[in-house]
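Me: I would like to learn how to read side-chain and backbone features in a model. Can we go through some cases together?

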Amino acid sequence: MALPVEPKKILFVLHGSLGDITRALPLAQLVRRRFPRAFLAWSVEPACFPLLENFAAIDEVIIYDRHRPIAALWPFLRQIHARRFDLVLDLQRHFKSGVVSRASGAPCRLGFHPSDAKEGNGFFNNYHIDAVGDSVAKIDHYMKFAEWLGIAPRPIEWQIELTPQDKLAVRRHLSGVDTTFAALFVGSRWPSKDWFAEQIAGCANALLRHHGLSVVLLGGGSEAAVAEQVVRAAEGRVVNLVGQTSLREAVGVIQHASVCIGPDTGLMHLAAAVGTPVISLWGATDPKRTGPYGFGELVIQGKADCAPCYRKNCTIGKICMRSISSDAIVNKVAAVLRRSVGQKAAHGHWQ
């Protein structure tokens with residue numbers, strides 16, 4: 001569809017999650033190429049700010065402090081309106097993002113088709129991409145925005161840079177770690193998606209036994225207790241970095257890993273973004289919709305009649321996740337290690 005205006009100021013509205021923002025970054029790259037002289041901004045919540053802070057395609061990051069929802073809302077909306085954007089891409093498809101889009105006053109507010117949106121989001125936007133449902137991968141769903149703008153939806157690429165300080169911190173974190181190691185993601189945002197501490201420890205033991213791989217644990221501070229259980233149960237040395245890295249440092253560690261393993265989490269998508277093979281473990285959610293880009297063959301689907309249930313909490317003991325064996329993971333790792341090293345460079349890089 002032809003744009004009603006040639007945009008000079010463009011706003012991306014996507015406040016989270018980490019995985020969603022990671023998958024939307026290639027769209028920002030494409031929009032930047034199509035409108036090289038336009039001013040591009042992105043409104044986001046604080047947790048994901050580090051991912052956008054030095055992203056070259058974006059000129060400004062506008063933060064909405066969700067921890068002060070009432071006090072921060074009106075100043076935030078006034079700030080959005082004052083920028084006088086002429087094109088908004090509402091990538092969140094929720095009520096909140098719709099409010100932000102409408103408050104911008106932009107003459108062109110492009111969002112998901114109302115049948116694919118939630119919480120009345122479609123009401124706030126005056127242009128919509130075509131309906132596709134939830135059967136399409138989310139990154140391809142974001143690319144529908146590019147197509148609407150007349151932009152070819154390829155290539156899919158990430159160009160995210162680490163600062164010199166980030167790189168120094170990564171070297172410090174990995175000092176004493178073997179050059180060949182696996183990064184294991186301990187948890188996720190939903191308890192139903194997490195694997196068990198004894199599973200993670202069993203995986204670490206199997207990786208050492210079958211492939212001689214050292215293991216580094218990654219995750220947020222809320223997952224520290226699980227990580228400590230893993231360290232106590234593991235037979236070999238496990239380097240526990242859970243809660244000890246910034247987001248950008250975690251990605252730097254991932255970049256150096258030979259393989260990453262974990263459940264449906266934002267770190268999984270960041271691994272795909274930097275081209276590190278990621279073996280993803282699935283139960284409550286569907287890898288066809290939210291799987292890591294380019295690594296579909298490394299998906300391990302847990303077995304349960306109710307999967308995917310899309311429930312944040314499981315009442316039957318997460319039998320889907322528990323069904324995933326160390327042998328299944330080890331076999332996937334063997335396939336990864338047989339790959340040519342050149343394949344990693346095809347996805348993108350941190351500098």
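Me: Which residue lies over the face of Phe-85?
Reply: This is a predicted model. A lysine counts as sitting over a ring if NZ is within 6 Å of the ring centre and within 35 degrees of the ring normal. Here Lys-9 lies over the face of Phe-85, at 5.8 Å from the ring centre. Trp-190 has a lysine over its face as well: Lys-193, at 5.0 Å from the ring centre.

Me: How many aromatic pairs are there?
Reply: A pair of aromatic rings is described by the distance of the centres and the angle of the planes. The count here comes to 8 aromatic pairs. Take Phe-95 and Phe-124: the centres are 5.5 Å apart and the planes are at 75°, so this pair is edge-to-face. The cut-off for that class is over 60 degrees.

Me: Where do Phe-95 and Phe-124 sit in the chain?
Reply: They are 29 residues apart, and the pair links distant parts of the chain. Phe-95 is in helix α4, residues 95–104. Phe-124 is in the loop between β5 and β6. Phe-95 is partly exposed, at 45% relative accessibility. Phe-124 is buried, at 14%. Together with Phe-123, these two form one aromatic cluster.

Me: What kind of pair do Phe-112 and Phe-145 form?
Reply: Their pair is edge-to-face, with 5.1 Å centre to centre and 80° between the planes. Phe-112 lies in the loop between β5 and β6, and Phe-145 lies in helix α5, so the pair ties together parts that are 33 residues apart in sequence. Phe-112 is buried at 3% relative accessibility. Phe-145 is buried too, at 0%.

Me: Now the backbone. Which peptide bond leading to Pro-155 is cis?
Reply: Most residues other than glycine have a negative phi, and most peptide bonds are trans. The bond from Arg-154 to Pro-155 is cis, with omega near 10°. Pro-155 lies in the loop between α5 and β7. The bond from Ala-307 to Pro-308 is also cis, with omega near -5°. Pro-308 is in the loop between β13 and α12.

Me: What is the phi of Glu-119?
Reply: Glu-119 has a positive phi of about 55°, although it is not a glycine. This residue is in the loop between β5 and β6. Glu-119 is exposed, at 54% relative accessibility.

Me: And what is the phi of Tyr-310?
Reply: Tyr-310 has a positive phi of about 60°, and it is not a glycine. Its place is the loop between β13 and α12. Tyr-310 is partly exposed, at 43% relative accessibility.

Key: Residues are numbered from 1 along each chain as its sequence is written. This is a predicted model: local features need pLDDT of at least 70, side-chain atom pairs count only at pLDDT 80 or more; totals for chains, interfaces and linings use all residues. Side-chain values use heavy atoms; hydrogens and water are left out. Rings of Phe, Tyr and Trp (its six-membered ring) pair if their centres lie within 6.5 Å; planes under 30 degrees apart count as stacked, over 60 as edge-to-face and the rest as tilted. Helices (H or I, at least four residues) and strands (E, at least two) are DSSP runs, numbered from the N terminus. Buried means under 20% relative accessible area, exposed over 50%, partly exposed in between (1.4 Å probe, protein chains only).
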